[in-house]
Number of protein chains: 4
Amino acid sequence: MEEMEVPAKRGKREQTKVNNRKAILAAARSIFAELGYGTTTVRDIIRRTDLASGTFYNYFQSKEEVFQALMDANALEVRPHLIETRANARTFEDLIEGTFRVFFDYLARDRGAFEVLRSNAGAIRVRMDTPEIVAGFDELQVDIEKAISDGLLEPVNASYLTAAAVGMAFEIGDRMLAQEEADVEGAVKFATSLIMGGVVKLSNPDSP
Amino acid sequence: MEEMEVPAKRGKREQTKVNNRKAILAAARSIFAELGYGTTTVRDIIRRTDLASGTFYNYFQSKEEVFQALMDANALEVRPHLIETRANARTFEDLIEGTFRVFFDYLARDRGAFEVLRSNAGAIRVRMDTPEIVAGFDELQVDIEKAISDGLLEPVNASYLTAAAVGMAFEIGDRMLAQEEADVEGAVKFATSLIMGGVVKLSNPDSP
Amino acid sequence: MEEMEVPAKRGKREQTKVNNRKAILAAARSIFAELGYGTTTVRDIIRRTDLASGTFYNYFQSKEEVFQALMDANALEVRPHLIETRANARTFEDLIEGTFRVFFDYLARDRGAFEVLRSNAGAIRVRMDTPEIVAGFDELQVDIEKAISDGLLEPVNASYLTAAAVGMAFEIGDRMLAQEEADVEGAVKFATSLIMGGVVKLSNPDSP
Amino acid sequence: MEEMEVPAKRGKREQTKVNNRKAILAAARSIFAELGYGTTTVRDIIRRTDLASGTFYNYFQSKEEVFQALMDANALEVRPHLIETRANARTFEDLIEGTFRVFFDYLARDRGAFEVLRSNAGAIRVRMDTPEIVAGFDELQVDIEKAISDGLLEPVNASYLTAAAVGMAFEIGDRMLAQEEADVEGAVKFATSLIMGGVVKLSNPDSP
DNA sequence: GATGAATGAGAATTCATTCAT
DNA sequence: TATGAATGAATTCTCATTCAT
């Protein structure tokens, strides 16, 4: 009559709610990755779920809200690591290398997440930068500027340098994932070397 | 009242057709840039035109077709220049510098074109790479590989290097356009130096 | 397995049931008054309650049923009084005056009830006549006809006279409630005088 | 009174538009009359039309807008007549009688219009007064007040008197329409007599 | 009984595309 | 060819009602 009362924190109802939210987020992630944000419909999302259409609206107000939730989850995953890494960097090379490593590592661990940002709708590749991602980039620029004022780096155009690092991160990350087995360290080394010493250093890793 | 209409080769009718096509393309470009592809409606496009909705379909079969035409126009504008530049390159640095120059030059001359690629829908930045653009990048990779086999460049991961150049081109291009007056040469120098010698060279342009 | 259920005058359980029913009815009344029947949702109703949505269906089968219950409660409140009043009427004026008094009195005591009938959704005033109300009106007509056949009233079109009284009751009642302090006697006198002697009598209350 | 009916220059397109608008209004009127405003759906309306669902939105923004258009059409039909009638009234009786006649006449000519105001949803009769209609009634009150200040009528509560007239108009109008052949003059006489001299006068039309 | 999330039919609305003028 | 209203399938969203807990 009485429940055997498995020592569970959550009641079944509460657990179902958590699961449903996850299911919707997962479905949204996979479909956004396939179709891109603009083309995806709410129906597409719930169709990948065993939930009813109305249920979507118990969890999210709209397509945009679920997308934001997805992006926020991404950002929450990466930003703390980025911040920690940069805080510990003693040289400019540490800073750059650590940043690439956190980013490529994250991509390798969670391909799905990146696919949302790098979707392929028909023949059109789309990349979406959410406010959170943009914010992460801005922080990188601040750190670069600090590195310059701290004398860790000769004066350069910090805005362009940030842009270069960001562009490289996305494009190299993309190609890294295209391979069977993502070689994170290889990508980190490549990107860092290029930033630090250009093609000269790429082919001559031990040059100063 | 009426235009003086110098007797031209084109009949008035024919001229109108050309003008309408241009008007639709221009409207499409500006609205895609604002809303992104997925969110833009055909009505949005023709609303920026003094044409009627039905007329749209006399010129393009669908929303997708007008988008493709826009992308193709971009490519047609750039690719011949890229091909010529690369063909004339004698060193790897020539190759890289020429590529960046053609691309940044194109962006500076036709900001609108790039806006399509770098749109801002709500808080979400979107970048769209069409097949034509991707093809242009693939050609760069072929040229880089050729440069290696010709001994112009030490062996490096050509795929990653292409990716790095592409990413830098888009991101630096973006920031270049953000400035009041686009400094094409500055951007070309920056990007080329970074590729060639990394941050060392950036702050020390005359190093070997 | 099941509760032993001690026979109580009212168990706590039973009391709760009564209270919940009342709570739902009160909430329904107030929200119907605001939004009108068609626009009100069951969720609107339970939101004004500390009950859960499912609980609604333990007490009423549907939105319509709660509305009917509300109307029936109104009618139950008024009809016995109307019947008694009319039964005691010795003259036609007694009949009319008593009817108006019961009705206006009821409105003054329970504004909320009337508001349900006279709701104001957006800019559109709505009045709802339920079967019970219609029945009450029909009885008035029967009494008027009886008054005529009893010689208390000269022969007139009883249907129109009933209609006139009903229309006056609603409209005058509405204006009476619009005042700070509902002047029931004033409204009764006005309506009765108008029926009995028209505007002449209104301004000349003591004329025959 | 009647338009000279200029042979219309309308093109077929323009004519179709006018016809479709009329068709939607007519369908809306009849379905509102059947189901009441709250219960009626846009689909119900267009289903009574040979138009497509999307076409509705070429003419009206929403269900509310079509309803308002209907009400405004009603008001436009009656108010000018009411204003004219009242302007010509020399006595208070003229004023009242003219008002009733215009209103009952209108009802008799256009039963459908009134049906919207007197609908029957399930067992619940609903009557809707739109702002335009309310405005018409407010004007009556002003005229009554003027009649008092002009000495045409002994001082009485103008608000209640207006309310009484309005209530009578709607209710008696309703019953008038319930008859096979609407007896406008009969209804006018009845209502006017009741207002002027109460039941005494009703049964004794020639009393002063 | 109470709860409140799930359900899914159906409502309002949009929009790419067609077609009569 | 241009026009712009018509079309209707597709989309977003709501809500009365059910049901597992």
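**Group meeting talk: a predicted model with four protein chains and DNA strands E and F**

Good morning. Around DNA strand E there are 38 residues, and those that come nearest are A:Gly54, B:Thr41, C:Ala52, C:Gly54 and D:Gly54. Here a residue is near a strand if its C-beta atom, placed from the backbone, lies within 6 Å of it.

This is a predicted model, in which local features need pLDDT of at least 70, side-chain atom pairs count only at pLDDT 80 or more, and totals for chains, interfaces and linings use all residues. Residues are numbered from 1 along each chain as its sequence is written, while chains are lettered from A and ligands numbered from 1 in the order in which they are written.

Let me stay with the DNA. The surface near DNA strand E is made up of eight nonpolar, 21 polar and nine charged residues. In these classes, Ala, Val, Leu, Ile, Met, Phe, Trp, Tyr, Cys and Pro are nonpolar, Asp, Glu, Lys and Arg are charged, and the others, Gly among them, are polar. Which residues come nearest to DNA strand F? They are A:Gly54, B:Ala52, B:Gly54, C:Thr41 and D:Gly54, out of 37 residues around that strand. The surface near DNA strand F has eight nonpolar, 21 polar and eight charged residues.

I turn now to chain A. Its mean pLDDT is 83, and 82% of its residues reach 70 or more; pLDDT is the predictor's confidence in each residue, from 0 to 100. Over residues 1-8 of chain A, however, the pLDDT is below 50, and this stretch has one contact beyond near neighbours in sequence. Two residues are in contact if their C-beta atoms, placed from the backbone, lie within 7 Å. Where pLDDT is low, the predicted coordinates should not be read in detail.

Chain A contains nine helices and two strands, arranged along the sequence as α-α-α-α-α-α-β-β-α-α-α. Helices (H or I, at least four residues) and strands (E, at least two) are DSSP runs, numbered from the N terminus. Among the contacts in chain A with a separation of 6 or more, 58% join residues 24 or more positions apart. Of the 208 residues in chain A, 37% are buried. Buried means that 20 or more other C-beta atoms lie within 10 Å of the residue's own, exposed means 12 or fewer, and partly exposed is in between, with C-beta atoms placed from the backbone.

Some single residues illustrate these terms. A:Ala33 is found in helix H1 (residues 12-35) of chain A. Why is A:Ala33 counted as buried? It is buried because 20 other C-beta atoms lie within 10 Å. A:Ala135, in helix H7 (residues 131-149) of chain A, is exposed because it has 11 other C-beta atoms within 10 Å. The C-alpha atoms of A:Ala135 and A:Arg79 are separated by 9.4 Å, with their positions 56 residues apart along the chain.

In chain C, C:Ala26 lies in helix H1 (residues 12-35) and counts as partly exposed, with 15 C-beta neighbours inside 10 Å. In chain B, B:Phe103 belongs to helix H5 (residues 92-109) and is buried, with 26 C-beta neighbours inside 10 Å. Leaving aside neighbours within four places in sequence, B:Phe103 is in contact with B:Val78, B:Ala169 and B:Gly173.

Finally, consider two helices of chain C. The axes of helix H5 (residues 92-109) and helix H9 (residues 184-202) come within 9 Å and cross at roughly 145°. Axes are lines fitted to C-alpha atoms, for helices over the stretch in contact, and angles run from 0 to 180 degrees between N-to-C directions. By class, the contact of H5(C) with H9(C) has 10 nonpolar, one polar and four charged residues. Among the residues that meet there are C:Phe100 and C:Phe104 in H5(C), and C:Val188 and C:Ile195 in H9(C).

Thank you for your attention.
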